[in-house]
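Me: I've got a structure open and I'd like to learn how to read it. Can you walk me through it, one feature at a time?

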Amino acid sequence: MYYKFSGFTQKLVGAWASHAYSPQGLKPVVSTEAPPIIFATPTKLTSDYTAYDYAGKNKVPELQKFFQKSDGVPVHLKRGLPDQMLYRTTMALTVGGTIYCLVALYMASRPRSK
């Protein structure tokens, strides 16, 4: 006996051999030919692009020199005030969250007085 998956009952059900070997959704013959071009002019292939085919200027070498300077400043604070503000805000939220969690644990561990 042959079986196939029923999309309605979500179970295996008995089937004829022709139905079992031709499941729903699968087509027996797939064309290997490329579809016709639907645009008037063919598009560029990825191999036609050069390494510098973009709109912006490459800033990576300048940023590498900037961040690799040995001036004693940690890399996460090299850009000055915005980095300092972000770092200090992150540290304040971390310390505040830790204190809040410890207070919540302390309050949860104490039984309520009736």
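Reply: Sure, and keep in mind that this is a predicted model. Let's start with one residue: Ile-99 sits in helix H3, which covers residues 81-109.

Me: Is Ile-99 buried, partly exposed or exposed?

Reply: The general idea is to look at relative accessible area: under 20% is buried, over 50% is exposed, and partly exposed lies in between. Ile-99 comes out at 48%, so it counts as partly exposed.

Me: Which residues form a nonpolar surface patch with Ile-99?

Reply: Its partners are Val-95, Val-103, Tyr-106 and Met-107. Taken together, the patch has about 510 Å² of accessible area.

Me: What does UniProt list for residues 85-108?

Reply: An unreviewed UniProt entry gives that stretch as "transmembrane region". In the model, residues 85-108 are 100% helix and 0% strand, with 34 Å between the C-alpha atoms at the two ends.

Me: Okay, zooming out now. How many helices and strands does the protein have?

Reply: Three helices and two strands. Follow the sequence and you'll meet them in the pattern β-β-α-α-α.

Me: And what share of the protein's residues counts as buried?

Reply: Just 4% of the 114 residues. As for surface, the protein exposes about 11400 Å², and 64% of that comes from carbon and sulfur atoms.

Me: What about contacts between residues far along the sequence from each other?

Reply: Take the contacts with a separation of 6 or more: residues 24 or more positions apart make up 0% of them.

Methods:
Residues numbered from 1 in each chain as written. Predicted model: local features only at pLDDT ≥ 70, side-chain atom pairs only at ≥ 80, totals over all residues. Heavy atoms only, no water. Patch = residues over 30% accessible without salt bridge, like charges linked within 9 Å, V, L, I, M, F, W, Y side chains within 5 Å. Areas by Shrake-Rupley, 256 points an atom, 1.4 Å probe, with all protein chains shown as cover. Salt bridge = Lys/Arg side-chain N within 4 Å of Asp/Glu carboxyl O. Helix = DSSP H or I, 4+ residues; strand = E, 2+ residues; numbered from the N terminus. Buried < 20%, exposed > 50% of the residue type's maximum accessible area, 1.4 Å probe, protein only. Contact = heavy atoms within 4.5 Å. UniProt positions renumbered as here; feature names shortened; annotations may be inferred.
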